[in-house]
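Q: I have a model open and I want to learn how to read it. Where do we start?

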Amino acid sequence: MTRAGCDILVVGAGPAGTATALAAAQAGARVTVVDRRRAIGVPVQCAEYIPAMLLRDVPACGPAVVQAVRAMRTFVRDEPAGELDAPGCVVDRDRFDQLLAAAAERAGASLLTGTAARRLEGDTVVLKRRGGTTLVLRPRVIVGADGPRSTVGRWAGLVNRRLVPAVQARVRLLQPLDVTEVYLHPDYPAGYAWLFPKQGMANAGVGFAPVPGGPRPTAALAAFLATLERRGRIAGPVAAYQAGWIPVAPLADSVRGNLLLVGDAAGQTHPVTGAGIFNAVTCGAMAGRWAARAALGDDVSLLRRYDEEWRDLLGGTLARAAARRRRMEAHWGRFDDIIRSCWVAFEEYHRPTLPSKAGEGRDEGAGGRHAG
């Protein structure tokens with residue numbers, strides 16, 4: 001058993017964790033990042049789209065870009081329903097994560113892969129390394145950036161139970177495509193299907209909340225792929241399958257004592273679109289700065305400022321999206337009546353309130369200074 005000290009322990013080396021580590025190390029804190037995976041970013045569990053503006057914040061990740069996209073095209077019941085300017089990039093997500101982790105290491109953070117956070121004992125964290133070695137750390141601040149089923153969140157008593165499944169296939173694209181495509185259909189309850197181009201290949205997937213008697217995500221994906229192939233959009237065989245859980249509601253609190261949650265662990269993913277990379281990196285930078293101030297100043301009450309800062313930026317947007325998701329889940333049987341008020345590409349989504357109808361309550365979740 002090896003004992004060591006550090007100012008900040010970050011559990012999870014995805015974009016949220018490494019952005020946290022980068023900012024904290026740049027602020028002068030001693031940072032250790034641990035991840036149970038042998039290789040950062042593997043396996044990929046992401047549709048791999050990022051908004052173009054994110055690369056301004058993390059220019060080191062530029063080499064991960066595979067293809068630029070100019071817009072998002074929406075289909076309702078398989079019919080074109082509009083196109084929204086949405087300049088961005090499709091990236092190799094594993095490469096993106098690895099480049100961000102390397103930037104954190106250059107700033108001074110230590111990275112341990114193949115290392116799992118096993119338990120919290122008082123003010124120490126017990127880590128188990130691949131091969132059986134035990135490492136005990138005594139950090140001043142512990143950051144949970146370990147995904148929607150966060151171990152650190154469980155230690156803090158902050159568990160997100162609002163998760164939906166998503167499954168995706170890597171397929172060959174038969175014609176060039178410079179937009180992302182989103183398919184809204186009754187078969188995807190409170191969710192959607194997608195086709196994201198990736199330089200001759202594409203990520204095609206579905207993510208939704210299964211309902212009793214309805215299709216399962218794997219069956220819905222198979223049907224979606226068959227439709228795309230029948231229309232001459234893609235060709236088999238499937239190169240790879242991926243699956244994961246998407247948080248669809250932010251936690252009411254992201255700080256508990258000296259424990260702090262960020263990214264999917266805090267539910268900072270957009271509850272309607274499922275987009276999470278931009279929020280993870282943005283909130284990670286905030287988390288790193290406040291974690292460093294708290295650790296170096298020996299005042300964990302400063303971590304509350306992180307919770308305030310990220311909610312001031314994103315709280316309104318996520319509250320609006322969470323309200324729209326609740327509406328979808330409660331009234332999906334009225335798909336044609338509600339769908340335009342529940343998808344970000346439509347003007348109806350951005351109205352401050354939704355009209356009340358018989359049997360339907362008013363939407364009260366769209367407040368916030370920066371409501372999207």
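A: With a space closed off inside the protein. Keep in mind that this model is predicted. The largest cavity is lined by Leu184, Gly191, Tyr192, Val272, Met328, Cys342 and Trp343.

Q: What is the volume of the largest cavity?
A: About 30 Å³. A search of the whole structure finds one cavity of 30 Å³ or more.

Q: How many residues of each class are in the lining of the largest cavity?
A: Sort the lining by class. Six residues are nonpolar, one is polar and none is charged.

Q: Is Cys342, from that lining, buried or exposed?
A: Look at the relative accessible area. Under 20% counts as buried. Cys342 is buried because its relative accessibility is 0%.

Q: Leu184 is also in the cavity lining. How do I read the strand around Leu184?
A: Check both faces of the strand. Leu184 belongs to β11, where it shares one side with Thr180 and Val182. Val179, Glu181 and Tyr183 are on the other side. Both sides are buried.

Q: Why is strand β11 called largely enclosed by the rest of the structure?
A: Count the buried residues. Strand β11 covers residues 179–184, and six of the six are buried, so the rest of the structure largely encloses it.

Q: Which strands pair with β11?
A: Look for bridges, then for direction. Strand β4 (residues 65–76) runs parallel to β11, and six bridges join them. Thr74 has Val182 of β11 as its bridge partner. Strand β12 (residues 192–198) pairs with β11 in the antiparallel sense, over three bridges. There, Glu181 stands opposite Leu195 of β12.

Q: How many disulfides does the whole structure have?
A: Search for paired cysteine sulfurs. The search finds zero disulfides. Take Cys283: the nearest cysteine sulfur belongs to Cys46 and is 16 Å away. The cut-off for a disulfide is 2.5 Å. Cys283 is also buried, with a relative accessible area of 0%.

Q: Now an open space. What lines the second largest pocket?
A: Start at the centre and work outward. The lining has 14 residues, and Leu22, Asp57, Val58, Val281 and Ala285 lie nearest the centre. The elements that give two or more residues to this lining are α1 (15–26), α3 (93–106) and α6 (277–296). The largest share, four residues, comes from α1.

Q: What are the volume and the classes for the second largest pocket?
A: Its volume is about 220 Å³. Its lining has 11 nonpolar, two polar and one charged residues.

Key: Residues numbered from 1 in each chain as written. Predicted model: local features only at pLDDT ≥ 70, side-chain atom pairs only at ≥ 80, totals over all residues. Heavy atoms only, no water. Buried < 20%, exposed > 50% of the residue type's maximum accessible area, 1.4 Å probe, protein only. Pairing = 2+ DSSP bridges. 1 Å grid on protein atoms, 1.4 Å probe; cavity = no way out; pocket = protein on both sides within 12 Å on 5 of 7 lines; lining within 4 Å. Points joined across faces, edges and corners; volume = space filled by probe spheres on them. Nonpolar A, V, L, I, M, F, W, Y, C, P; charged D, E, K, R; others polar.
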